[in-house]
Amino acid sequence: MSALDRFESFMEQIVEGSVARLFRSPVQPAEIAKRLERAMESQQTVGVRRVIVPNAYRVFLNPQDMAVFSQMRREIEHEMATYLADLAQERGFSMLEHPHVELVVDATVPQRSIQVIAETTAGKREATSDQTQVFQAGPADVTAIRARLLLTLRGINHTIPLESTLLTIGRGLNNDIILEDERVSRHHAQLRYRARRFWIADVGSTNGTFVNGEQIAEQVLRDNDTISLGGLEVIFKEA
């Protein structure tokens, strides 16, 4: 059973009585878990022997959304931390400490939205974030190679910088790279940075993902590769 399966199984077990209202909330626990996963994936520090990911996570929710979680807040925070620990182990990531997740009320966050801040901390966790030691944890290895996609539309060149280790591509507004073209599926492909290279994977698109004319399920990318997303072409550049 995967880390996400275990987390969802836990949430199913507590759907009784008043706790059932959690699953009528516009913000679902599984959505928060997936947002935490994205925060972990996007802030990797690649070392010689290991890849370090954040261990301290703060989830900011609108007061109305947070009210739904108040009854089980601590238990959910604990289970989300366990989920992140299991996920890191599954993917071969290292953490400097066991992960900590905190749900925070923030009136500036729009209702039905989720905002996450992730940090890599070491030493005993103090009451305030000002007292924690923060290491540089971000996509430094990604920006160092200046990877980007080049897209030409109506004779105009567009540059899309790749500044994260996990990027989703599609027509849907919840993607990291949004391409408003009818040939592109709502959720079309995923770019992932691992082993110091970018990989592209199709995520069940209607019209397929191609690299240099060959349809792929997943493939490593090289400088000047032509990616076709259902017919919409972009060029991958590393320099």
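These entries record what I looked up in a predicted model.

**Entry 1: nonpolar cores**

I began with the largest nonpolar core, which has 30 residues. Ile32, Met40 and Tyr57 have the most contacts inside it. I then asked which elements supply at least two residues each to this core. They are helix H1 (3-13), helix H2 (29-42), strand E3 (56-61), helix H3 (63-69), helix H4 (73-90) and strand E5 (100-105). H4 gives the largest share, 7 residues. I also noted a second, separate core of 23 residues, which includes Leu151, Ile177, Leu191 and Val211.

For Ile32, I listed the contacts, leaving out residues up to four places away in sequence. Ile32 touches Val27, Val59, Leu61, Phe69, Met80 and Ile114.

**Entry 2: the sheet**

I next traced an open sheet of 3 strands and found the order E5-E3-E6, with mixed pairing. E5 and strand E6 (115-119) each have a single partner strand and stand at the edges, so one side of each lacks a neighbour in the sheet. On average, and with direction ignored, neighbouring strands here are turned by 20° against each other.

I looked at the pairing of E3 with E5 in detail. The two strands run parallel and are joined by 6 bridges. Tyr57 has Val101 in E5 as its bridge partner.

**Entry 3: helices on the sheet**

I recorded that H2 packs on the sheet and touches E3, E5 and E6. The direction of H2 makes about 135° with that of E3. H4 lies across E3 and E5, and runs at about 140° to E5.

I checked the length of H2 against expectation. At 1.5 Å a residue, its 14 residues should span 20 Å, and the end C-alpha atoms are 20 Å apart, so the two values agree.

Which residues of H2 are buried? I found Pro29, Ile32, Ala33, Leu36, Glu37, Ala39, Met40, Glu41 and Ser42. The list thus includes Glu37 and Glu41 as well as Ile32 and Met40.

**Entry 4: Leu36**

I closed with Leu36, which is placed in helix H2. Its relative accessibility is 0%, and the cut-off for buried is under 20%, so Leu36 counts as buried. Leaving out residues up to four places away in sequence, I found that Leu36 touches Tyr57, Val59, Met80, Leu84, Val101 and Val116. Among these contacts are Tyr57 and Val101, the bridge partners noted in Entry 2. I also looked up the separation of Leu36 from Ala118: the two residues are 82 residues apart along the chain, and their C-alpha atoms are separated by 8.3 Å.

How values were computed:
Residues numbered from 1 in each chain as written. Predicted model: local features only at pLDDT ≥ 70, side-chain atom pairs only at ≥ 80, totals over all residues. Heavy atoms only, no water. Core = buried A, V, L, I, M, F, W, Y, C linked by side-chain atoms within 4.5 Å. Buried < 20%, exposed > 50% of the residue type's maximum accessible area, 1.4 Å probe, protein only. Helix = DSSP H or I, 4+ residues; strand = E, 2+ residues; numbered from the N terminus. Contact = heavy atoms within 4.5 Å. Pairing = 2+ DSSP bridges. Axes fitted to C-alpha atoms, helices over the stretch in contact; angles between N-to-C directions. Expected span 1.5 Å × (residues − 1).
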